[in-house]
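Colleague: I'd like to go through this model with you, from the overall build down to single side chains. Put it up and we'll start.

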Amino acid sequence: SKMASDTLFAYIRSFYWAVTTMTTVGYGDIVALTVRETVFVIVVLVVCLYFYVDLVANVTNLISNGDLSSTRKMALESAIRRMLETRRVPADLVLGAEQFF
């Protein structure tokens, strides 16, 4: 019926608005007028959103792993310094160990 069709189109347009807002594409960049166009744009935007999220996650992972390795290195150096101090290792050997790391 006409009313059911209009209601379905209203839901599809509402979902289109939500996806367009979520992907920050903007409402003037992609204009979908029919139901088919609206569904197509929703699918394209969701697929593109997936790739964008994947890209951001990978970049974040690269940055956090870089920080993690430097943090591990600093912790290791600190532990070695404490061990050398506790065992009263001569200063020239401590200096050599610090230059090594």
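Modeller: One definition first: a polar contact is a pair of N or O atoms within 3.5 Å; within protein, one must be able to donate a hydrogen and the other to accept it, and residues adjacent in sequence count only if both atoms are side-chain atoms. This is a predicted model, where local features need pLDDT of at least 70 and side-chain atom pairs count only at pLDDT 80 or more, while totals for chains, interfaces and linings use all residues. Residues are numbered from 1 along each chain as its sequence is written, and side-chain values use heavy atoms, with hydrogens and water left out.

Colleague: Good. Which residue does the side chain of Thr38 make a polar contact with?

Modeller: Thr38 sits in helix α2 (helices are DSSP runs of H or I, at least four residues; strands are runs of E, at least two; both are numbered from the N terminus). Thr38 is buried, at a relative accessible area of 0%, where buried means under 20%, exposed over 50% and partly exposed in between, with a 1.4 Å probe and protein chains only. Its side chain has a partner 3.1 Å away, the side chain of Arg13.

Colleague: Let's zoom out. What pattern does the protein chain follow along the sequence?

Modeller: The chain holds three helices and zero strands. Read from start to end, that gives α-α-α.

Colleague: And what radius of gyration does the protein chain have?

Modeller: The C-alpha atoms fill a box of roughly 90 × 20 × 15 Å along the principal axes, and 14% of the 101 residues count as buried. The radius is taken over C-alpha atoms, and the globule rule is 2.2 Å times the number of residues to the power 0.38. A compact globule of 101 residues would come out near 13 Å, but this chain has 29 Å.

Colleague: Which elements give two or more residues to the largest nonpolar core?

Modeller: A nonpolar core is a set of buried Ala, Val, Leu, Ile, Met, Phe, Trp, Tyr and Cys residues joined through side-chain atoms within 4.5 Å. The largest one has seven members: Ile12, Tyr16, Val19, Ala32, Val41, Ile42 and Leu45. The elements giving two or more of them are α1 (2-22) and α2 (35-86).

Colleague: How far apart are the end C-alpha atoms of α1?

Modeller: The expected span of a helix is 1.5 Å times one less than its number of residues. For the 21 residues of α1 that comes to 30 Å, and the model agrees, with its ends separated by 30 Å.

Colleague: Within what arc do the buried residues of α1 fall?

Modeller: The buried ones are Ile12, Tyr16, Val19 and Thr20, while the face turned away carries the exposed Met3, Tyr11, Trp17 and Met22. An α-helix has 3.6 residues a turn, so residues three or four places apart point the same way. Using directions from the helix axis to the C-beta atoms, the buried set lines one face of α1, because it falls within an arc of 95°.

Colleague: Thr20 is a polar one in that list. Which residue has its backbone oxygen 2.7 Å from a polar atom of the side chain of Thr20?

Modeller: Thr20 is in helix α1 and is buried, with a relative accessible area of 2%. The backbone oxygen at 2.7 Å from its side chain belongs to Tyr16.

Colleague: What is the angle between the planes of Tyr50 and Phe51?

Modeller: Rings of Phe, Tyr and Trp (its six-membered ring) pair if their centres lie within 6.5 Å, and planes under 30 degrees apart count as stacked, over 60 as edge-to-face and the rest as tilted. The structure has one such pair, and both Tyr50 and Phe51 are exposed. Their centres are 5.5 Å apart and the pair is edge-to-face, with the planes at 70°.

Colleague: What is the phi of Arg88?

Modeller: Most residues other than glycine have a negative phi. Arg88 lies in the loop between α2 and α3 (91-100) and is exposed, at a relative accessible area of 76%. It is not a glycine, yet its phi is positive, about 55°.

Colleague: Last one: what separates the C-alpha atoms of Asn58 and Leu33?

Modeller: Asn58 lies in helix α2 and counts as partly exposed at 43% relative accessibility. Asn58 and Leu33 are 25 residues apart along the chain, and their C-alpha atoms are separated by 35 Å.
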